Amino acid sequence: MKQYLMIGAGAYVCAIPIEEIVETMRPLAAERVPGMPPYVRGLSVIRGSPVAVVDLVSLMGGAGSGDVTRFVTIRAGSRVVALAVPEVLGVGPLDDPAAGTPLPLIENAHPGLIQSTGTMAGRLLMVLRAGRILPEMVWGEMLSAGRGA
């Protein structure tokens, strides 16, 4: 059975395949970048490189996570993104996540982000596609902002 990192994100538990996780760490300062979507906290220097920081609760449609306790860096294709999260719940297996069906309202808000849905401990479970955390347009704007700094 495939292993996932389970992350508490407001009303949801989000699961990301363990092979897409780089590391978890204490939160770092992030510099805001003008014109970014509300779920983008900005850029942070992680391991000597600028990394986009995404507020996971805000990305999932919540009001934003004032209580960020961890950054979880993930591989999103050839890039690395830091997720600002309120809680890391642990690592564990999931049954075939492809068996669930994405919820249309959430899928429309962030196309391709949700691979499948289910429940875990009375909370809605969302299996995420790490490569879809930031749309290509946002990546381009973040890269431009990084060169201008």
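Me: Which residues does L134 touch, not counting residues up to four places away in sequence?
Reply: The model is predicted. L134 belongs to the largest nonpolar core, which holds 34 residues, and is one of the three that touch the most other members. With residues up to four places away in sequence set aside, the residues that L134 touches are Y39, V40, A52, V54, V81 and W139.

Me: Which residues of the largest nonpolar core touch the most other members?
Reply: In soluble globular proteins, nonpolar side chains tend to be buried together. The largest nonpolar core here has 34 residues, and the ones that touch the most other members are L56, L83 and L134. Apart from this core lies another, with M25, I46, A82 and A84 among its members. The residues asked for are L56, L83 and L134.

Me: In what order do the strands of the open sheet of five strands lie?
Reply: Strands of a sheet pair through backbone hydrogen bonds, either parallel or antiparallel. In this open sheet the pairing is mixed. Strand 8 (87-93) and strand 9 are the edge strands, each pairing on one side only. The strand order is 8-1-2-10-9.

Me: What does the twist average from one strand to the next in that sheet?
Reply: The sheet in question is the open one of five strands with mixed pairing. From one strand to the next, its twist averages 25°.

Me: Which residue in strand 10 stands opposite T117?
Reply: Strand 9 (residues 114-120) pairs with strand 10 (residues 123-128) in the antiparallel sense, over six bridges. The two strands form a hairpin with two residues between them, and A121 in the turn has a positive phi of about 50°. Opposite T117, in strand 10, stands M126.

Me: Which residue in strand 10 is the bridge partner of A15?
Reply: Strand 2 (residues 12-17) and strand 10 run parallel and are joined by four bridges. The bridge partner of A15 in strand 10 is V127.

Me: Is D55 buried or exposed?
Reply: D55 has its place in strand 5 (residues 49-55). The cut-off for buried is under 20% relative accessible area. D55 has 5% relative accessibility, so this residue counts as buried.

Me: With which residue does D55 form a salt bridge?
Reply: Side chains of opposite charge can pair when their charged atoms come close. The closest N and O atoms of D55 and R41 are 3.3 Å apart in a salt bridge. Because D55 lies in strand 5 and R41 in strand 4 (residues 40-46), the pair ties together parts that are 14 residues apart in sequence. While D55 is buried, its partner is partly exposed, with a relative accessible area of 27%: R41.

Me: How many residues apart are E19 and K2?
Reply: The side chains of E19 and K2 meet in a salt bridge at 3.2 Å, N to O. E19 is in the loop between strand 2 and strand 3 (21-25), K2 in the segment before strand 1 (3-9), and the pair links distant parts of the chain. E19 counts as partly exposed at 45% relative accessibility, and K2 counts as partly exposed at 40%. The separation is 17 residues.

Me: Which parts does the salt bridge of R123 and E87 tie together?
Reply: A search of the whole structure finds four salt bridges. The side chains of R123 and E87 meet in a salt bridge, at 3.4 Å from N to O. R123 lies in strand 10 and E87 in strand 8, so the pair ties together parts that are 36 residues apart in sequence. The elements are strand 10 and strand 8.

Me: At what relative accessibility does T73 count as buried?
Reply: T73 sits in strand 6 (residues 70-76), a mostly covered strand with five of its seven residues buried. Not counting residues up to four places away in sequence, the contacts of T73 include E20, I21, V22, E23 and M25. T73 counts as buried at a relative accessibility of 2%.

Me: Which residue in the turn between strand 6 and strand 7 has a positive phi?
Reply: Strand 6 and strand 7 (residues 79-85) run antiparallel and are joined by seven bridges. Within this pair, V72 has L83 as its bridge partner in strand 7. The strands form a hairpin with two residues between them, and the turn residue with a positive phi, about 70°, is G77.

Terms used. Residues are numbered from 1 along each chain as its sequence is written. This is a predicted model: local features need pLDDT of at least 70, side-chain atom pairs count only at pLDDT 80 or more; totals for chains, interfaces and linings use all residues. Side-chain values use heavy atoms; hydrogens and water are left out. A nonpolar core is a set of buried Ala, Val, Leu, Ile, Met, Phe, Trp, Tyr and Cys residues joined through side-chain atoms within 4.5 Å. Buried means under 20% relative accessible area, exposed over 50%, partly exposed in between (1.4 Å probe, protein chains only). Contact means heavy atoms within 4.5 Å. Two strands pair if DSSP finds at least two bridges between them. Axes are lines fitted to C-alpha atoms, for helices over the stretch in contact, and angles run from 0 to 180 degrees between N-to-C directions.
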